[in-house]
Amino acid sequence: MHSESHGPLSAVSAATEKELAARLDHAQFLKNNLREYGLLISLVVIMGFFEVMTDGTLLQPLNLTNLVLQNSYIIVMALGMLLVIVAGHIDLSVGSVSGFIGAVAAVLMVEYHVHFLLAGLICLVGGGVIGAAQGYWVAYHKVPAFIVTLAGMLVFKGLALAVLQGSSVGPFPPEFQLLSTGFIPDPFGGESLRITSFILGLAMALALVISKLRGHADRTKHGMETEPRALFIIKIAAFAAMITAFSYLLSTYRGLPNVLIVMLVLIAAYDFVTIRTTVGRRIYALGGNEKAARLSGINTERLSFLTFVNMGVLAALAGLIFAARLNTATPKAGVGFELDVIAACFIGGASASGGVGRVLGAVIGAFIMGVMNNGMSIMGIGIDYQQVIKGLVLLAAVCLDVYNKKK
Amino acid sequence: MAEAILEMRGMKKSFHAVKALSDVNLSVRPGEIHAIVGENGAGKSTLMKVLSGVYPYGEYEGEIRFLGQECHFKGIADSEHLGIIIIHQELALVPLLSISENIFLGNEQARHGVIDWNASHLKTRALLDKVGLKELPGTLVTQLGVGKQQLVEIAKALSKEVKLLILDEPTASLNETDSDALMNLLLELKRQGITCILISHKLNEISRVADSITILRDGATVASLDCSAGAVGEDIVIRHMVGREMADRYPPRTPAIGETVFEVKNWKVHHETHAEREIIKGVDLHVKRGEIVGIAGLMGAGRTELAMSIFGRSYGQRISGQVFMHGKEIDTRTTRKAIDHGIAYVTEDRKGCGLVLEECIAWNTTLANLRAIAHHEVVDEAREFSAASEFRRKLNVRSQNVYERAVNLSGGNQQKVVLSKWLFSRPEVLILDEPTRGIDVGAKYEIYSIIAQLAAEGRCVLMISSEMPELLGMCDRIYVLNAGRFVAEFPAAEASQEKIMRAIVTSGANDNA
């Protein structure tokens, strides 16, 4: 075990080590990364299951479009929630905050006739301020996030009622509704196939493939790649095929929804920030071991604070999307959203103790929940048993995680 | 010679492809203190887990005979039933329960589910007397120091009519006084007829109390020594442990000491939660270029508090004093500022404060200096990989690659990753807090070599350690800290363990003004 000559900082005596000489074989790699692949496979299996059970209704273009629209606000919030959970906290207030912001938007636009862009901006800033108000107590006073945001949940639920004075407010200006109900314009006027949308979908698939290939080539060049080439190729081919098929199906209906574009941009941005930037690194370090992070020169308090500010802004955006979709702000908007959002993160592999979780995991987790909601509704399963099944799936997913970890 | 109380023959145990035990034989005579030594990863803990039933019968090969009976333990309950009690390195007490509640946890003195508190307290008092702990049975465990908690664990074991007591590195986190007291207690228990297995890295303790020594290396018994004929030399034990001659436990170095680089003046720190208690009472220190300066002192003297308060005020409140670098006062109010001024602090608690265990070596290596591998805040993975790989190679971290998670590394290798992190931040001053705690002899030598090399490169090293031989072996100058004050300062040539101890003892250790 021990070599005789140590001299650890002296010139390298041994020949350049083959860093990955003991490269894992495919099976081993799959096993080690079961979570990542498993999640995607579960989504595909669940979609397949409901596709069969609903006699092909699930993947009909109309339904697929609805699926995107129904889940957009959950996914938007899941992005922020993932950061909060990775940082080692939780935010129970997001449902109430999104409802409250939707109410504020309605009052501004409908009752005070504020321009929709200005109103939207005010709402996003407002969301940020709400996040800051809660994050301040969590980050700087070490009040458990569970308690602070539980309080926030009550406060903003109440404020939403107060702002709306107990009734629904609507409708919104048509330009604002486009956020949720609009589709990207199609100057080519394809009736059976929205060409712009399809081309955009293809472009996205291509961009993904190119960037992934580049990354792979780069890592291989530096001897850092751990993913076997065959698996890698299968993975990106599957991704590209799915995106292409998905955008094709959507294009045969009304094209890509505006909100999908918003979502994709956000997903890409958050994925990049968490995986590639120093800020992302620091958030994982903060959640993984706060003391170690602080002693490594990371301003852990400010970082925690910022994850809540970010969460507030995204909750506000989700509130706007939801309000635009319903075309009214109702006092019941946002009720229970936090549960779907948090469930999405945990199904997606985030750890309740912080430090673990991926943006794409949370997105897939949200889709798993969404597909189940949608599929069960089509099948005519009542809301009662839908909840039971969703609860059990959440439990199963987390149990599987715990089991995997133990092994 | 009496028949062995415990016989383990041909023990084999593997985890997947990794052989943890390949061929271990252990024979313990009744009433003796039997030491088991070996480097980290030699298989000591695995062996004890097999013995106590954590790995049930069927998961290992080999034969266990206890009191002449062949044993097939299915779980800890089975082994405890026979009187085999293990006290783990990480204590298993519930902090917010009282001493007596902890002692009788799972074994409550109760009738029909109703606890008889009087009986519990009386029995607890008797047990505490036995282990020499002067505390009330109702005291919460969280209010006790580590040394006293250890005694509570032993009292708990005694409450179960222990026949074979196993202690896994009981003194790893104890200071010398407490360690001493614990060793005396073991000798006392031996007089009462309790057989004891002691796992330890501290050879001085072992040579003091052990009757026999079994040495493990790479999952096999390499030697069984009998000490009854006379003390076994430490060198022999070490040679068996590492499987090679270790002529010198410390690397040779020729100090090249330059001008004063780092200076702290009149440093005062108050307790983190009790603002009125002064923990550091006006300390002045300096470190020169290329110098290794030690800080000796008992646990509780304020060594870690001193270091952490200097490093970004990570400990304490109402901190006052000045820090100078090259004669210029610097601002060290946050860890970031301290790091930017070239200070690094290697924590004594590498799992709790040093590493993000779930993350890989590469991430941990670059954590304190992400700027160096990032371009516009975007991490350049290739640069990170090459930086982390370079340190992995230089510091001889044993792992498959830099993407291995820190949690899977042994203690010594984890410590090397922590050192990598701080070396990557390119510090001028390194504060090393117990740099070799819980690390086996071979890895210790490597850490010492790294430290020596750092000094040779002209960096300043401030080294805190509870192991005096280590300070004497490595340092050019030693400060002695006691109750928040430096009570002595010795050049290495003049220092000795006795002098240091005398400085501590004569300064009045309980000066808590």
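Helices here are DSSP runs of H or I with at least four residues, numbered from the N terminus. With that in hand, welcome to a predicted model, shown in a series of close-up views.

**View 1. A threonine in helix α8 of chain A.** A:T220 has its place in helix α8 of chain A, which covers residues 195-221. Is this threonine buried, exposed or partly exposed? A:T220 has 13 other C-beta atoms within 10 Å, so it counts as partly exposed; the exposed class ends at 12. For a sense of distance, look from here to A:F367: the two residues are 147 places apart in sequence, and their C-alpha atoms lie 32 Å apart in space.

**View 2. The largest nonpolar core, seen around A:A78.** This core has 248 residues, and the ones with the most contacts inside it are A:M77 and A:A78. Helix α13 of chain A, residues 300-326, gives the core its largest share, 16 residues. Now take a closer look at A:A78. Leaving aside residues up to four places away in sequence, this alanine touches A:V341, A:A344 and A:C345, and also A:A362, A:V363 and A:A366.

**View 3. Where chain A meets chain B.** On the chain A side, 32 residues are in contact with 41 residues of chain B. Which elements of chain A give two or more residues to this side? They are α11 (278-288) and α12 (290-295) of chain A. The largest share comes from α11(A), with six residues. By type, the chain A side divides into 12 nonpolar, 13 polar and seven charged residues.

**View 4. Chain B as a whole, before zooming in again.** Chain B has 17 helices and 24 strands. Its C-alpha atoms fill a box of roughly 70 × 55 × 50 Å, taken along the principal axes. A compact globule of 513 residues would have a radius of gyration near 24 Å, and chain B agrees because its own value is 24 Å. Of these 513 residues, 48% count as buried. Among contacts between residues at least 6 apart in the sequence of chain B, 68% join residues at least 24 apart.

**View 5. The six-stranded sheet of chain B.** Here six strands form an open sheet with mixed pairing, in the order β18-β21-β22-β15-β23-β24 of chain B. At the edges you will find β18 and β24 (485-491) of chain B, each of which pairs on one side only. Neighbouring strands are turned against each other by 20 degrees on average, direction ignored. Helix α15 of chain B, residues 441-456, lies across β15 (292-296), β21 and β22 of chain B, and runs at about 145 degrees to β22(B).

**View 6. Strand β18 of chain B and its neighbours.** What do the two faces of strand β18 (residues 343-346) of chain B have in common? Both are covered: B:I343 and B:Y345 are buried on one side, and B:A344 and B:V346 are buried on the other. Four bridges join β18(B) to strand β21 of chain B, residues 429-433, and the two run parallel. In this pairing, B:V346 stands opposite B:L432 of β21(B). Moving along the sheet, β21(B) also pairs in the parallel sense with strand β22 (residues 460-464) of chain B, over five bridges. There, B:V429 stands opposite B:C460 of β22(B).

**View 7. The four-stranded sheet of chain B.** In this view, four strands form an open, antiparallel sheet in the order β14-β13-β16-β17 of chain B. Its edge strands are β14 (278-288) and β17 (328-330) of chain B, each pairing on one side only. From one strand to the next, the twist averages 15 degrees. Three bridges connect strand β16 (residues 317-325) of chain B with β17(B) in the antiparallel sense. Within that pairing, B:F324 has B:E329 of β17(B) as its bridge partner. Across β13 (260-270), β14 and β16 of chain B lies helix α9 (residues 303-310) of chain B, running at about 70 degrees to β14(B).

**View 8. A histidine in a loop of chain B.** Where is B:H376 found? Look in the loop between β19 (374-375) and β20 (378-379) of chain B. This histidine counts as exposed because it has 6 C-beta neighbours inside 10 Å, and a residue is exposed at 12 or fewer. Another histidine, B:H201, is 175 residues from B:H376 in sequence and 47 Å from it in space, C-alpha to C-alpha.

Conventions:
Residues are numbered from 1 along each chain as its sequence is written. Chains are lettered from A and ligands numbered from 1 in the order in which they are written. This is a predicted model: local features need pLDDT of at least 70, side-chain atom pairs count only at pLDDT 80 or more; totals for chains, interfaces and linings use all residues. A residue is buried if 20 or more other C-beta atoms lie within 10 Å of its own, exposed if 12 or fewer, and partly exposed in between; C-beta atoms are placed from the backbone. Two strands pair if DSSP finds at least two bridges between them. Two residues are in contact if their C-beta atoms, placed from the backbone, lie within 7 Å. Ala, Val, Leu, Ile, Met, Phe, Trp, Tyr, Cys and Pro count as nonpolar, Asp, Glu, Lys and Arg as charged, and the others, Gly among them, as polar. Axes are lines fitted to C-alpha atoms, for helices over the stretch in contact, and angles run from 0 to 180 degrees between N-to-C directions. A nonpolar core is a set of buried Ala, Val, Leu, Ile, Met, Phe, Trp, Tyr and Cys residues joined through C-beta atoms within 7 Å. The radius of gyration is taken over C-alpha atoms; the globule rule is 2.2 Å times the number of residues to the power 0.38.
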